[in-house]
Amino acid sequence: MLRALAITLASLLIAATGFAQDRVSATQQVSFAVVKTYSPSMIQKAIETKQNRTKTPLNSSPAPRFKVTLETEVEQHRDIAHVSTQRPSAFQKATIITVTD
Amino acid sequence: MQTAIRYLRQIEMKRSLTIAVFILVSSVTLKAQATATQSLLLEVKPVSKIAVSGNPGPLVINDAVAGGDLVSVSDNSTTYSLMTNLQSMKIVASINAPMPAGTRLMINLASSRGVSAGTVDLSHAVAPVDVVRGVNKGVEQNQPVTYIFAANPDVQHIPSDSRTITLTISE
């Protein structure tokens, strides 16, 4: 009788202490990164900001998140096939845009 | 003469009684040898198990939206399964280290036996937070795990990094 009682008490003790250990866990490894890219709209906005800076004080417009360099305008010949159908403006001016961090 | 006869009868009765007692004891002994008893102690202990199908794919943000809000990517390629013989359990989640400034990592666990807490922000959940509550005894298999990684538009380049997410089933 005493033996059975002792076994029962021991079992209850194990169950009580073992319950906390039964909190089973599982882990997952999550990898992440942010790769910066520039959408056309972002570049366009930065170009406009840059162009506006030439007309207004530097502090009047927000700084772009990246640097835009507008080089000297150069003449660029467009598709020759369209020259005959177009006005002298077929020779239009293009702008070299450099985007850097 | 009669005394002698009475004496002999007494002796005979004692012998018979002795034999009878011997037979009775023997039969009891023989019967005891034919039967054996064991006492069994039966018990079902509380059991709760949880497992995941693997790791989610890399969460890489490479789209930028001018003037937009959070930019985010998600992954729901993994699942979890659990079994428990207890009532009113819950699943909690924690992260081993906070996420970088300007970024957020969120998790969403579906559940058929409990109530999902929806999308939960784990970015700073070093201490466990509830993701599923009220899980009753039974088995739940292959429930989707969705991770959402978001970054503020002004967040600069963040090289590849990782965090360990721990899912625990508890009271």
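Guide: Let's start with a term: two strands count as paired if DSSP finds at least two bridges between them. Keep in mind that what you have on screen is a predicted model.

Visitor: Okay, so which strand of chain B does strand 1 of chain A join over nine bridges?

Guide: The general idea comes first: strands of a sheet pair through backbone hydrogen bonds, either parallel or antiparallel. Here, strand 1 of chain A (residues 25-34) is joined to strand 10 of chain B (residues 158-170), and the two run antiparallel. For a spot to click on, try A:Gln28, which sits opposite B:Ile165.

Visitor: And how many bridges join strand 1 of chain A to strand 2 of chain B?

Guide: Three, and this time the strands run parallel. Strand 2 of chain B covers residues 59-61, and within it B:Val60 is the bridge partner of A:Ala33.

Visitor: In what order do the five strands of the open sheet in chain B come?

Guide: Read across the sheet rather than along the sequence: the order is 1-3-9-5-7, with antiparallel pairing. Strand 1 (48-52) and strand 7 (119-121) of chain B have a single partner strand each, so they are the edges, and one side of each has no neighbour in the sheet. From one strand to the next, the twist averages 25 degrees.

Visitor: How many bridges hold strand 3 and strand 9 of chain B in register?

Guide: Eleven, in the antiparallel sense, between residues 71-84 and residues 138-151. As a landmark, look for B:Tyr80 across from B:Gln143. While you're there, remember that in a regular strand the side chains alternate between the two faces of the sheet.

Visitor: Now the inside. Which residues have the most contacts in the largest nonpolar core?

Guide: B:Ile91, B:Ala93 and B:Ile107, in a core of 30 residues. Strand 1 of chain A gives two or more residues to this core, as do several strands of chain B, including strand 4 (89-95), strand 5 (103-109) and strand 8 (129-135).

Visitor: What does B:Ile107 touch?

Guide: Leaving out residues up to four places away in sequence, its contacts include B:Ala93, B:Val120, B:Val131, B:Val145 and B:Ile165. You've met B:Ile165 already, opposite A:Gln28.

Visitor: Back to chain A, then. How many helices and strands has chain A?

Guide: Two helices and five strands, running α-β-α-β-β-β-β from the N terminus on. Of the 101 residues in chain A, 6% are buried. Taking its contacts with a separation of 6 or more, 37% link residues 24 or more positions apart.

Note on methods
Residues are numbered from 1 along each chain as its sequence is written. Chains are lettered from A and ligands numbered from 1 in the order in which they are written. This is a predicted model: local features need pLDDT of at least 70, side-chain atom pairs count only at pLDDT 80 or more; totals for chains, interfaces and linings use all residues. Helices (H or I, at least four residues) and strands (E, at least two) are DSSP runs, numbered from the N terminus. Axes are lines fitted to C-alpha atoms, for helices over the stretch in contact, and angles run from 0 to 180 degrees between N-to-C directions. A nonpolar core is a set of buried Ala, Val, Leu, Ile, Met, Phe, Trp, Tyr and Cys residues joined through C-beta atoms within 7 Å. A residue is buried if 20 or more other C-beta atoms lie within 10 Å of its own, exposed if 12 or fewer, and partly exposed in between; C-beta atoms are placed from the backbone. Two residues are in contact if their C-beta atoms, placed from the backbone, lie within 7 Å.
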